[in-house]
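Visitor: I am new to protein structures. Could you pick one spot where a charge meets a ring, look at it closely, and then work outward from there?

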Amino acid sequence: MMKKIKWATLGVLFSGWLLMGCEESSYTPKPLGYFRIDLPEKEYQHYSGSCPYNFDYPVRSLLDTMSQRAQEKCWVNLHYPQHRATIHLTYVGVDGNNLDEYLEDSRNMAMKHTVRADAIEEQFFQNPEKRVYGLIYNFEGNTATNFQFFLTDSTDHFLSGSMYFNVAPNSDSLEPVSAYIKEDLRRLIESFSWDYGNGAGQKPA
């Protein structure tokens with residue numbers, strides 16, 4: 001009698017272990033989640049300062065034009081403090097035949113990110129009426145920057161821009177904010193114009 005109870009007990013335990021094993025094998029881990037980011041409505045203002053260019057930029061961003069060095073007086077930063085992102089805008093005057101040098105430097109800067117980029121999309125931009133021509137580099141993947149561009153009138157002015165986050169690159173978690181800021185940058189580019197009354201260059205006839 002004791003022996004029968006013992007084997008019956010072991011049978012029940014063994015059956016329980018089998019059921020537990022089946023439950024564990026069917027477990028699927030939940031995908032990694034991220035905090036929801038509430039993004040404000042778009043609202044823009046126009047920049048027109050002492051530098052030879054104008055553009056629209058977001059009201060909720062901070063435009064820093066206070067360069068400490070004379071040779072960088074028209075280098076400006078567009079900050080998004082709430083998203084820990086910064087847009088660096090670098091301006092140089094075109095002198096003689098150095099436009100090709102600036103174009104090559106801009107391309108080299110973009111190509112440095114091919115190692116970590118999953119894909120790079122190049123898009124040509126032109127606004128002949130305002131004499132604004134450029135190239136946009138849109139990166140996908142965990143790159144240090146995921147958006148770069150340059151604009152020029154091909155004779156007197158050259159401006160380059162790049163977006164950086166002050167956090168470790170993670171394309172999954174940054175995607176909503178990145179897409180949001182890219183919309184602002186496209187607005188900046190589409191509204192961009194040269195001011196031939198400031199800095200180098202003469203207004204075309």
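Guide: Start with the term. A charge sits over a ring if NZ of Lys or CZ of Arg is within 6 Å of the ring centre and within 35 degrees of the ring normal. Keep in mind that this is a predicted model.

Now the spot. Lysine 42 lies over the face of tyrosine 180. The distance to the ring centre is 3.3 Å. Is lysine 42 buried or exposed, or partly exposed? Its relative accessible area is 30%, so lysine 42 is partly exposed.

Lysine 42 has another contact. Side chains of opposite charge can pair when their charged atoms come close. Here the side chain of lysine 42 meets that of glutamate 183 in a salt bridge, with N to O at 3.9 Å. Where do the two partners sit? Lysine 42 is in the loop between helix 1 (2-25) and strand 1 (44-48). Glutamate 183 is in helix 3 (residues 171-191). The two are 141 residues apart in sequence, so the salt bridge ties together distant numbers in the chain. Glutamate 183 is partly exposed, at 48% relative accessible area.

Helix 3 takes part in another such link. Aspartate 56 forms a salt bridge with arginine 187, and their closest N and O atoms are 3.1 Å apart. This pair links distant parts of the chain. Aspartate 56 belongs to strand 2 (residues 53-58), arginine 187 to helix 3, and 131 residues separate them. Their surroundings can be told apart, too. Aspartate 56 is buried, with a relative accessible area of 13%. Arginine 187 counts as partly exposed, at 33%.

Step away for one more pair. Glutamate 122 and arginine 107 meet in a salt bridge, 3.1 Å from N to O. Glutamate 122 lies in strand 6 (residues 117-127) and arginine 107 in helix 2 (residues 99-111). They are 15 residues apart. Glutamate 122 is partly exposed at 40%. Arginine 107 is partly exposed at 34%.

Back to our lysine. Lys42, Glu183 and Asp184 are joined into one network by salt bridges that share partners. How many salt bridges does the structure hold? The count comes to 4.

Next, look for empty space. Rolling a probe the size of a water molecule over the atoms shows where empty space is left. The search of the whole structure finds 1 cavity of 30 Å³ or more. The volume of the largest cavity is about 60 Å³. Which residues line it? Among them are Lys42, Tyr180 and Asp184. The lining also includes Glu41, Glu43, Pro58 and Arg60. So the lysine and the tyrosine we began with turn up again, because Lys42 and Tyr180 are part of the lining listed for the largest cavity.

There are open spaces as well. The largest pocket holds about 310 Å³ of space. It is lined by 16 residues. Nearest its centre lie Thr90, Ser106, Met109, Phe158 and Ser160. Strand 5 (85-93), helix 2, strand 8 (145-152) and strand 9 (157-165) each supply at least two lining residues. Strand 9 gives the most, with 5.

Rings also meet other rings. The structure holds 11 aromatic pairs. In one pair, tyrosine 47 and phenylalanine 55 have ring centres 5.2 Å apart and planes at 35 degrees, so the pair is tilted. Both of these residues are buried. In another pair, phenylalanine 192 and tryptophan 194 have centres 4.8 Å apart and planes at 85 degrees, so this one is edge-to-face. Phenylalanine 192 is buried at 1% relative accessible area, and tryptophan 194 is buried at 8%. These four rings belong to one aromatic cluster, which also includes Tyr53, Tyr57 and Tyr91.

One last link. A disulfide is a covalent bond between the sulfur atoms of two cysteines. The whole structure has 1 disulfide. It joins cysteine 51 to cysteine 74, with S to S at 2.3 Å. The angle about the S-S bond is -105 degrees, and the link is left-handed. Cysteine 51 is in the loop between strand 1 and strand 2. Cysteine 74 is in the loop between strand 3 (62-64) and strand 4 (76-80), 23 residues apart from its partner. Both cysteines are buried.

Terms used:
Residues numbered from 1 in each chain as written. Predicted model: local features only at pLDDT ≥ 70, side-chain atom pairs only at ≥ 80, totals over all residues. Heavy atoms only, no water. Phe/Tyr/Trp six-rings, centres within 6.5 Å; stacked < 30°, edge-to-face > 60°. Buried < 20%, exposed > 50% of the residue type's maximum accessible area, 1.4 Å probe, protein only. Helix = DSSP H or I, 4+ residues; strand = E, 2+ residues; numbered from the N terminus. Disulfide = S-S within 2.5 Å. 1 Å grid on protein atoms, 1.4 Å probe; cavity = no way out; pocket = protein on both sides within 12 Å on 5 of 7 lines; lining within 4 Å. Points joined across faces, edges and corners; volume = space filled by probe spheres on them.
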